[in-house]
Amino acid sequence: MPIEQLRVVLVVYIAAIVPLLLIAYLRKNNALPSWVVGVYAASFIACALGWELWFTYGWVDGDPVHLRRAELLNSLIPYHLNWVLNSLADAGSICLGGLLLVRHTLGANSNFLTQWNWKAFSILLAWFIGQNIIVEMFLYHDQLAIGKPLSWAPFAPTGPWFNPVLFEFRDRSISLQGQLPWVIMTPLFYASLTGYLRRKKTTSVET
């Protein structure tokens, strides 16, 4: 349905652009720590190189995205812009959104940013996997359906060759390959974040 496809386009652009504009505005007004921009940029690169570029272009035994989706989506989300928008949404709406969720849950005084906290990690894992299941089920279900193989990617190492269906809901399938990127991303993201901010804190104290 064209209305459903337009909804996909709207969600993609909002999830990608709104966090970018908000970060730029807050940073310009000195209302955002500089490290947040670094985490945002690093998350963008990790998501792009980890899977978004591979899934967009189908580099290793996968179909490129323009063959897996409707023509209207190809028109409104240009082929070569697809990975950029998805990576921006991953970095801003998902990664930074997850940090906001953890901060809201644990409180502003929690040390989860500089020390590994299993509760914080569990919240991030639930958020990353939960949103991805929703996206796969309700937003990109036509692009990720059985018979439309995704490329192998560094964060999806089983590739299309071993991709069992984990469960089905309303005739829509959730597969292993679709979930692996965020399963791998969660510990890498959180460990890198705590390590970076811990070193940053130590350096600032020493100087």
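This report walks through a predicted model of a protein chain, from its overall build down to a few single residues.

## The overall build

Let's start with the big picture. The protein chain has 7 helices and 2 strands. Read from the N terminus, the order is α-α-α-α-α-α-β-β-α, so the chain ends on a helix after its pair of β elements. Its radius of gyration is 18 Å, close to the 17 Å that the globule rule gives for 207 residues, so the chain is as compact as a globular protein of that length.

If you lay the C-alpha trace along its principal axes, it spans about 55 × 35 × 30 Å. Contacts across the sequence are a big part of the picture: among those with a separation of 6 or more, 72% join residues 24 or more positions apart.

## Surface and charge

How much of the chain is buried? Of its 207 residues, 44% count that way. The accessible surface comes to about 11000 Å², and carbon and sulfur atoms own 67% of that.

As for charge, the chain carries 14 positive and 11 negative side chains. The centres of these two sets lie 16 Å apart.

## The nonpolar core

Now for the inside. The largest nonpolar core holds 49 residues, and the ones that touch the most other members are Trp 51, Leu 99, Trp 182, Met 185 and Phe 189. Which elements give two or more residues to this core? They are α1, α2, α5 (82-106), α6 (118-139) and α7 (176-206). The top giver is α2, with 11 residues.

Leu 99 is a handy residue to click on here. Setting aside its neighbours within four places in sequence, Leu 99 is in contact with Trp 35, Val 39, Phe 112, Leu 124, Phe 189 and Leu 193. One of those partners, Phe 189, is also on the list of core residues that touch the most other members.

## Two residues with far-off partners

Val 183 sits in helix α7. Is Val 183 buried, exposed or partly exposed? Its relative accessibility is 39%, so Val 183 counts as partly exposed; the band for that label runs between the 20% and 50% cut-offs. Along the sequence, Val 183 and Ile 129 are 54 residues apart, yet in space their C-alpha atoms are 6.9 Å apart.

Asn 74 belongs to helix α4, which covers residues 71-76. With a relative accessible area of 16%, Asn 74 is buried, because that label applies under 20%. Leaving out neighbours within four places in sequence, Asn 74 is in contact with Val 65, His 66 and Arg 69. Asn 74 and Val 9 are 65 residues apart in sequence, and their C-alpha atoms are 9.9 Å apart in space.

## Two loops with a positive phi

Finally, have a look at two loop residues. Asn 30 lies in the loop between α1 (2-28) and α2 (34-57). Asn 30 is not a glycine, but its phi is positive, at about 55 degrees. Its relative accessibility is 67%, so Asn 30 counts as exposed.

Where is Asp 61 found? Look in the loop between α2 and α3 (65-68). Asp 61 has a phi near 60 degrees, again a positive value in a residue other than glycine. Asp 61 is exposed too, with a relative accessible area of 52%, because the label applies over 50%.

How values were computed:
Residues numbered from 1 in each chain as written. Predicted model: local features only at pLDDT ≥ 70, side-chain atom pairs only at ≥ 80, totals over all residues. Heavy atoms only, no water. Helix = DSSP H or I, 4+ residues; strand = E, 2+ residues; numbered from the N terminus. Buried < 20%, exposed > 50% of the residue type's maximum accessible area, 1.4 Å probe, protein only. Rg over C-alpha atoms; globule rule 2.2 N^0.38 Å. Contact = heavy atoms within 4.5 Å. Areas by Shrake-Rupley, 256 points an atom, 1.4 Å probe, with all protein chains shown as cover. Lys, Arg positive; Asp, Glu negative; His and termini not counted. Charge placed at Lys NZ, Arg CZ, Asp CG, Glu CD. Core = buried A, V, L, I, M, F, W, Y, C linked by side-chain atoms within 4.5 Å.
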